[in-house]
Amino acid sequence: MDPPDLRTIQQWIQNDPRLNTVSFVESRDKSRVEAATRENIKSWADITLVDVCPEFYNPKLTFNIDETNISTETQTRTRVVIDASKKEHFRTKSDIDMSKHCHITMMPLICADSGILRTQLLKPLFIFPNKLRPDIDEKLLEKILIAGSELGWMEGELFNSWVDQFLKWLPQYKKEIGVAADEKALLYSDNHSSRFKFPESIQKLKAAGVTVVFFPPHTTNLLQPLDDSVFKQFKPFLRKFFMAYQLDYEMTKPKDTRLDTLCFYRNLILQSSLEAWEHASNSHYIRESWRDTGVYHWSPKIVYDCQDKVADPL
């Protein structure tokens, strides 16, 4: 049987108030569809990228950063179940364990040179809600940067701190890969408000020879390398590894214990995230992401035509 369309789901919700918690995802929201026009993207590219000339930057010094959200809720999402015998009757099911739920933000860094090893780059940043920040296993701490905010989201102060960490790491990285200390770097980022909360964040980057290019609003899924391929691979890998780790724990844990310790649970999320990132950021996906977006090496045709990748809105 084919899945119900958007209009049918809306009708179900209107007919039965018990379904008012049902959610559905459109392929693209209206603001994104309206912003991601060929004209808007071409205007941004002509003004920004033509002036920046990204093809003149060393691919080893061409970077992209972005956040992705990791939810730690253990749940079967609310769903509509049609009674086979009486289709006008509906049931809903939700198994949300709010004691384990929190929002985590991960912000990694990738490089346009797919030959650069992931371990050579700055460690990914994980942001936890302050009240739920766990004690991190020492082995995991060696592989990540960690921070906290009220709700686990990226904020201006945290981005400013990340800039300091990036600028501390960059000279060491240049020395390791054998490029001149004064060679300029290029950093692509989205237009998240945290980037502009503290003007000194961008000023420090520019003073250190790092050119920052911001993608126009609502177009990162088309233009940003991390969104194009890497994050698309990351989430399925994350689910796979988390389920495997959880199942392994359930099979081997002592009978008198339960998987309800916040510290253990969130360390499990971190471990799964790092495993998923290791697989999603391999050289194939990195190379594919930069090639398909056209922002390095600079390809006007790919950038201008990226609007064709927009799915038709429902």
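**View 1. Thr-62 of β1 faces Leu-186 across the gap between two strands of this predicted model.** Here Leu-186 belongs to β9, and β1 and β9 are paired in the parallel sense, with three bridges between them. Now look across to β6: it runs antiparallel to β1, and three bridges join the two. In that pairing, Asn-64 sits opposite Ile-110 of β6.

**View 2. Strand β1 is covered on both faces.** Side chains in a regular strand take turns pointing to one face of the sheet and then the other. Thr-62 and Asn-64 lie on one side of β1, Phe-63 and Ile-65 on the other, and all of them are buried.

**View 3. Zooming out, we get an open sheet of four strands.** Read the order as β6-β1-β9-β10, with mixed pairing. Because β6 (109-111) and β10 (210-214) are at the edges and have a single partner strand each, one side of each has no neighbour in the sheet. On average, neighbouring strands are turned by 25 degrees against each other, direction ignored.

**View 4. Strand β9 meets β10, with a helix packed on the sheet.** Five bridges link β9 (residues 185-189) to β10 in the parallel sense, and Ser-189 has Phe-214 of β10 as its bridge partner. Helix α5 (residues 156-177) touches β1, β6, β9 and β10, and its direction makes about 155 degrees with that of β1.

**View 5. Two cysteines, Cys-53 and Cys-111, in close-up.** Cys-53 is partly exposed, at 22% relative accessible area, while Cys-111 is buried, at 3%. As for disulfides, a search of the whole structure turns up zero.

Definitions and conventions
Residues are numbered from 1 along each chain as its sequence is written. This is a predicted model: local features need pLDDT of at least 70, side-chain atom pairs count only at pLDDT 80 or more; totals for chains, interfaces and linings use all residues. Side-chain values use heavy atoms; hydrogens and water are left out. Two strands pair if DSSP finds at least two bridges between them. Axes are lines fitted to C-alpha atoms, for helices over the stretch in contact, and angles run from 0 to 180 degrees between N-to-C directions. Contact means heavy atoms within 4.5 Å. A disulfide is a pair of cysteine sulfur atoms within 2.5 Å. Buried means under 20% relative accessible area, exposed over 50%, partly exposed in between (1.4 Å probe, protein chains only).
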